[in-house]
Amino acid sequence: MAIHIMWFRRDLRLEDNTAFSEALTSLTPEDKLLCIFHINDQQLRIGTNSHDYFFSTLDHFISDSSEQHLTIHLLTGNIIDAFDALLTIYSDTTHIFFNIDNRGFGRKRDLAVTAFLESKNIQVNSYEENHLHQATEIQKPDGTHYKMFTPYYKKWRQLSKGHYQKNNLTPYLDKVIHQPQYFEMGTQTLNNLLNNRQTDFSSKVGETQANTQLNTFIMTHLEHYDINRDYPFLDSTSRLSPYLSTGAISIRKVYQACQSLPDSDGKEIFIKELAWRDFYHMIYFYYPNQYQEELKGKYQQLPWQQESLIFEKWKIGQTGYPIIDAAMRQLNETGWMHNRLRMLVASFLTKDLLIDWRLGERYFSEQLIDYDSASNIGGWQWAASTGTDAVPYFRIFNPITQGIKFDKEAEFIKKFVPELTNLPVKYCHEPWLLSETLQHNLAFKVGVTYPSPVVDHKMARDRALEWFKESLER
């Protein structure tokens, strides 16, 4: 008898999972299958939305798998020690299967574990499947990688995207190993993490929820996605990113579901968003230090502001700019933020306040339930004008006009900034314009009921332009 191990990570689903499919089909009549997940304390972010959402997903995945007679065993502690102990218990192990993480911490971990397992004569079978196209797959004619999105996208569009496939577990269920007594420490670790969650996201996780959300989006919102995606009060974006971040749904399934519908401008724009996801993945692969340094060398010496009282006000949605504050409060309350608003709050932090984009990126990494390091870092460097194919430094979003344009009736603002609920709509975007008489009549006081702006946008814009110009000239 030989034991084949399936190692789940950020691919918490049973259908259309390349490594899992390969693990199943590799089994001979004499083989057994051991499914594991390793809780790595180096990746824990206790007390954050991203942490709580992921472990809510993991808990749901384990329960869902159990209902299908598949046991997911939990390892914990130092990852090399954990695998060493596992191989001592299951000395007949010959193969391991997993979907590789090709960037950041995950890449270092996978390389280290692969080296260790191969030293133990374990056949390592790893697959790149979290993106439609992998980091090294799309290249220029000269063999180098793209740095600009548009030519990358043109080539991306021409390539085949693979096919979604559903696994049939039934023929393999008698091969699954069920021996929880060997994994009590891992189970206890997970229970402790679940008991200490600030937010239980269990109602918003899992394959079933992901599939329901996908169907709702493509049937209700995809056709007009190009128009409606910019309006936060419509809630017309896909809302699939949390499920993609945990692997509760495969990116191939999302793509194929879209392809099955008639062509439309909305469909084209959404497909382009999937390409941006691949593009940022590719950039992070080639620039592994982008989480801590600007991609454009000329911006690496910018004297960004650091931690401050104003930064704290930005985090909790107390800047005095309603659309900014509504967005930040949405993030803090729900663990998610509308995509256009992510650009606005990032622009505001880096351009109006000149605060280090790394601080904003780090805060997003803690609060977002859909946190994806490559896309998040790429997005922040785009907004800060420091990344590849980024917005030029002189493009600075006006938080007032953006609020008026995309939330004209202040529906979204009033939902997350209830202090402004009773104000006439025209003042919801600029409450500081209220006269003393109106403030008295509305029982509203600027600077008390709701904060005064932390900066004057026009002055802040002029300051940012001068700041970037001077920094570049030095």
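Start by selecting residues 3-8 and 93-99: these are strand 1 and strand 4, which pair in the parallel sense over four bridges. Keep in mind as you go that this is a predicted model. For a closer look at the pairing, show M6 on strand 1; its bridge partner in strand 4 is F97.

Now widen the view to the whole sheet. Five strands make up this open sheet, with parallel pairing and the order 3-2-1-4-5. Colour residues 72-76 and 123-127 to pick out strand 3 and strand 5 at the edges. Each of these has a single partner strand, so one side of each has no neighbour in the sheet. Look along the sheet and you can follow its turn: neighbouring strands are rotated by 25 degrees against each other on average, direction ignored.

Next, add the helices that lie across these strands. Select residues 49-67 for helix 2, which lies across strand 1, strand 2 (32-39) and strand 3. Helix 2 runs at about 140 degrees to strand 3. Then select residues 184-195, which form helix 6. Helix 6 lies across strand 2 and strand 3, and its angle to strand 3 is about 85 degrees.

Time to zoom out to the domains. Give one colour to domain 1 (1-162 + 184-288) and another to domain 2 (297-473). Their centres, taken over C-alpha atoms, are separated by 31 Å. Where the two meet, 28 residues of domain 1 are in contact with 32 residues of domain 2. About 2,600 Å² is buried between the domains, and carbon and sulfur atoms give 55% of that area.

For a helix pair to inspect, select residues 265-286 (helix 11) and 373-383 (helix 16). Their axes are 8 Å apart and the packing angle is about 90 degrees, which makes helix 11 roughly perpendicular to helix 16. Show side chains for R277, Y280, H281 and Y284 of helix 11, which touch a set of helix 16 residues including S373, I377 and W382. By type, the residues of this contact are five nonpolar, five polar and one charged.

Your last stop is helix 12 (residues 309-316) with helix 13 (residues 322-334). Which way do the two helices lie to each other? Their axes come within 6 Å and cross at roughly 70 degrees, so helix 12 and helix 13 are roughly perpendicular. Select W314, K315 and I316 on helix 12, then I324, M328, R329 and N332 on helix 13, to see the contact. Here the residues divide into four nonpolar, one polar and two charged.

Definitions and conventions. Residues numbered from 1 in each chain as written. Predicted model: local features only at pLDDT ≥ 70, side-chain atom pairs only at ≥ 80, totals over all residues. Heavy atoms only, no water. Axes fitted to C-alpha atoms, helices over the stretch in contact; angles between N-to-C directions. Parallel < 35°, antiparallel > 145°, perpendicular 65-115°, else oblique. Contact = heavy atoms within 4.5 Å. Nonpolar A, V, L, I, M, F, W, Y, C, P; charged D, E, K, R; others polar. Pairing = 2+ DSSP bridges. Domains from an automatic or database assignment. Buried area = accessible area lost by both parts, 1.4 Å probe.
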